[in-house]
Structures are given as C-alpha cells and as structure tokens.
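Below are some notes on the model, for use alongside the coordinates. They start with a helix, move to a sheet and end with the ligand site.

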Amino acid sequence: MAAGDYMAVRDAIKKIIPQSSYDDGSAGPVLVRLAWHASGTYDKKSGTGGSNGSTMRYKLEASDEANNGLEYARNLLDLVRQQFPWISYADLWTLAGVVAIEYMGGPKIGWKPGRVDDVDEQYVPPNGRLPDATQGEDHIRSVFYRMGFNDQEIVALSGAHNLGRCHADRSGFEGPWVPMPTRFSNTYFKLLLRSRWHKRKNSVGVEQYNDEDNELMMLPTDMALVKDPKFRAWVERYADDKDLFYRDFAAAFGKLLELGVIRGPEDKALRQYARAKL
Ligand code: ZEM
C-alpha cells in the first residue's frame, strides 16, 4: 500500500468499527473519545499538549484516570497501523475519530495529516487537563477556554454525547445518553431539554442524573449546559436545528483535532520550544 494513501486507511478504520461483542456493537464512540482525549490536553497559552506527538502512547498520559478504557481503542487502531506503518499514531487516532463520526451518520469533518510521533516522554502534558464530569459550568469554561474554545463551540462539541455510553469501571458513571448511541444526531440536546432528570446514585454509588426509568443518563457537566443561560441558548438552538448542529460540530471538532498541530519547516523547532515550557 502506497505511503500517503489515507483513503485506504479510512477504509481499514471503517472495517474495525463494527464489533459484535463490544458495547452497542460498535467501537465508533470509543474511537471518537480517543481522538478527543488525544487533542483535549491542549493549552493555548503555552502551546503544549494536543494530538501532535501522540503522547498518550506513554504510560504517564495513558494512566490519567480520564483516559480509562481508551486502551481498547488504541489496541484496535494498532491493528490498522500494522497495515499502514507509515502513518503516525497522532494522525491515525485523529483520523479514526473523523471516520467514526462519518460512519455513524455525522457530518464530514475537515482533517489534514502531518502530525508526528517523534516526541519523547518528557514532553507528555501533565495529567488533569481533561474535564471532570462531577463539576459545573465554571470548570467546563476554564478547561475549554484554555484550549481556545468559546461557549458556542463548547456546546457544539458536547453534542458528541449523542454517542456511546459511560462505563462504571472506567469513569464511575453508567449508561448511554440517548436510545441509539451509535447514530450521530441532535437527540442529546432534545433530551437535555425535554426529559425529567433526577439525581440518583448509580450501582457503584456515584451521583448522576437519570431519566424516569433509569435507562438514559446525564453527567453533572451535561446538566450544567441547561442550567447556565449562555450554554442553554445554544442547547436550544441545536435541539431545534440539526443542520446547524452538524455544521457547528464539524467546525469545532475539526478545530479540536488541529490544536497544537504545527506544519512546515519550522515545525520541529517550534514544537520543541513549546514543550520546553511544560
Ligand atoms: Zn465525553 N465523556 N466528556 N466528550 N465522551 C464520556 C464518554 C464519551 C466528559 C466526560 O467526563 C465523559 C466530550 C466532553 C466531555 C465522548 C466524546 C466527548 C464519559 C464516560 C465521561 C465521564 C467514559 C466511560 O465511562 O467510558 C466531560 C466532563 C466533557 C466536557 C465537559 C467531548 C468534547 C467529546 C467529543 C467531541 C464520547 C464519544 C464518549 C463515549 C465513549 C464510549 O466509550 O462510548
């Protein structure tokens, strides 16, 4: 297979998405989560973190408890990488998120290659940069503003919770947000507004919000999006207008995957400069 044939890589990623004995029969959601967590460590001020460098290959980052369960996604993608040894892990993990979203009926997302893996362990961003689901709007803002996102982008990105589920043994939370967690849609926003959510301790004693029959769930951070008036205005718009959500999600997710990615001749020196500030 010719180096640089990203269409072939996309096809190979599509082939590993159906997983009959895993979750809802799909690895799609966990691939999206890997792309997000690989990118969401970015700090705009120092230029550190982000998907470039695929630093989650190192134990220090992989063992951040926010990343529990992502070894499943990384191991599946290792199988793809064996077929295409020329692709960087950083490109592969981000591309897999894009392919998974498209596969599950979401929007097309702009993606460019060029991330590299030649980064050593001392440049791993510190643990604790990803959001903590037990917190509220102030925490959400401080984490996403640090990456360079605004309120509208925060709400758009949060729409990824249309996909997948929480696992008690990974995060302590339990259950899916929507009835069809392997189809991308704006159902999450509709449910946030329409369902009656009650606070409840789940089977492992962690507080979360559940619907009346305890089938669907919301995290405390999800509820903050309807409590905070500025966030709520965007939840309402996205609940009403699926096309707007798809457009805004595609833009924000594409931006997320580019955080900290520097291309061109000055690339390596600039990256080293940024990382020296860790
Ligand atoms: Zn999530 N997310 N997330 N998220 N996320 C989980 C699962 C998934 C937060 C969070 O703590 C959690 C974004 C934002 C935020 C996905 C995508 C994106 C889980 C459950 C938690 C606890 C993990 C588990 O137990 O397996 C918080 C606090 C967020 C912001 C405030 C953004 C942004 C995402 C992408 C754009 C996805 C797809 C999942 C489902 C994973 C799976 O395995 O099914």
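1. Helix α8 covers residues 187-194, and its buried residues are T187, Y188, F189, L191 and L192. Please keep in mind throughout that the model is predicted.

2. What do the buried residues of α8 pack against? Their partners are β5, α9 (220-227) and α10 (229-240). One strand and two helices are thus to be inspected together with α8.

3. β5 also belongs to an open sheet of three strands, ordered β3-β4-β5, with antiparallel pairing. At its edges lie β3 (198-201) and β5 (217-218), each of which pairs on one side only. Strands of a sheet pair through backbone hydrogen bonds, either parallel or antiparallel.

4. Between β3 and β4 (residues 207-210) there are four bridges, and the two strands run antiparallel. For checking the register, H198 stands opposite N210 in β4.

5. Turning to the ligand, 24 residues surround it, and those that come nearest are P29, A133, A160, G164 and S171. By class, the shell holds 14 nonpolar, seven polar and three charged residues.

6. Which elements supply at least two residues each to the shell around the ligand? They are α2 (28-39), α7 (151-158) and β1 (165-166). The most comes from α2, which gives five residues.

7. Both domain 1 (7-130 + 254-275) and domain 2 (137-251) contribute to the shell around the ligand, with at least three residues drawn from each. Any selection of the site should therefore be checked against both ranges, as the shell draws on domain 1 and domain 2.

Notes:
Residues are numbered from 1 along each chain as its sequence is written. This is a predicted model: local features need pLDDT of at least 70, side-chain atom pairs count only at pLDDT 80 or more; totals for chains, interfaces and linings use all residues. A residue is near a molecule or strand if its C-beta atom, placed from the backbone, lies within 6 Å of it. Ala, Val, Leu, Ile, Met, Phe, Trp, Tyr, Cys and Pro count as nonpolar, Asp, Glu, Lys and Arg as charged, and the others, Gly among them, as polar. Two strands pair if DSSP finds at least two bridges between them. A residue is buried if 20 or more other C-beta atoms lie within 10 Å of its own, exposed if 12 or fewer, and partly exposed in between; C-beta atoms are placed from the backbone. Two residues are in contact if their C-beta atoms, placed from the backbone, lie within 7 Å.
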